[in-house]
Amino acid sequence: MPSTAVLEKKKQMVADLSERIKNSCAGVVVDYKGINVEDDTKLRKELREAGVEYTVVKNSILGRAAQDAGLEGLDSVLEGTTAIATCVEDYVASARILQKYADSHDNFSLKSGYLDGEIISMEKLIALAKLPSREVLLATVCNVFNAPIAAFARAVQAIVDKGGAETTESAEEAPAQDAAPAEEATEAPAEAPAEETAE
């Protein structure tokens, strides 16, 4: 029978993993059998750089942790060798990196995955894995938004430039219009004495 210290350690592992699942937006469970040390090191490095936490875990520990986290439907895949990859902010990174690795390693495969605390089908998991990285998605979205904004900014600037030119022209024409009444006023008094002389 396991000692009290061993039981306490397992309880802590379950609690830590449960909290990790709760705090993640996405996760992927994989079968990692057949992976060698060199490949494992490269994979872990790539996952770590993408903000993904990856750990090998006992099926019993993951099963209890998932249950505590309210993640239902994982029991059916908890057999054989198991590792879990979780990410706090990026929905795509875990699936994309692990599926790419599975494509080039026969003994490595995705078992299941979840998004926002809900188990998703393998079809959705594979589709998720095919999406571009978060950085690429953000860059694409920014480009989509920036194009109309840039065009709008150019249009506004053109209106401002045109309005400024019209204002300048009006200002230059104004003195010439004001000068005409002044000339007429000067000529009028010269005609008046001529009429009085005729009387």
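**Burial, cores and strand pairing**

Reader: What relative accessible area does Y101 have, and is Y101 buried or exposed?
Author: This is a predicted model, in which local features need pLDDT of at least 70, side-chain atom pairs count only at pLDDT 80 or more, and totals for chains, interfaces and linings use all residues. Residues are numbered from 1 along each chain as its sequence is written, and side-chain values use heavy atoms, with hydrogens and water left out. Buried means under 20% relative accessible area, exposed over 50% and partly exposed in between (1.4 Å probe, protein chains only). Y101 falls in the buried class, at 10%.

Reader: Which residue forms an aromatic pair with Y101?
Author: Rings of Phe, Tyr and Trp (its six-membered ring) pair if their centres lie within 6.5 Å; planes under 30 degrees apart are stacked, over 60 edge-to-face and the rest tilted. The count is one aromatic pair, with 4.8 Å centre to centre and 75 degrees between the planes, hence edge-to-face. The partner counts as buried, at 3% relative accessibility: F108.

Reader: Which element gives the most to the largest nonpolar core?
Author: Such a core is a set of buried Ala, Val, Leu, Ile, Met, Phe, Trp, Tyr and Cys residues joined through side-chain atoms within 4.5 Å. Of its 22 residues, V30, L43, Y54, L98 and F108 touch the most other members. Helices (H or I, at least four residues) and strands (E, at least two) are DSSP runs numbered from the N terminus; β1 (26-31), α2 (37-49), β2 (52-56), β3 (83-87), α4 (93-103) and α5 (122-129) each give two or more residues to this core. Six residues come from one of these, α4.

Reader: How many residues are in the other core?
Author: This second core lies apart from the largest one. Among its members are L17, V29, A65 and L78, and its residue total is 15.

Reader: Which residue in β3 stands opposite V56?
Author: Two strands pair if DSSP finds at least two bridges between them. β3 runs antiparallel to β1, with five bridges, and antiparallel to β2, also with five bridges. A83, A85 and C87 point one way from β3 and I84 and T86 the other way, and all are buried. A26 stands opposite C87, while V56 stands opposite A83.

Reader: What is the phi of D116 near?
Author: D116 is in the loop between β4 (109-115) and β5 (118-120), and is exposed at 51% relative accessible area. Most residues other than glycine have a negative phi. D116 has a positive value, near 45 degrees.
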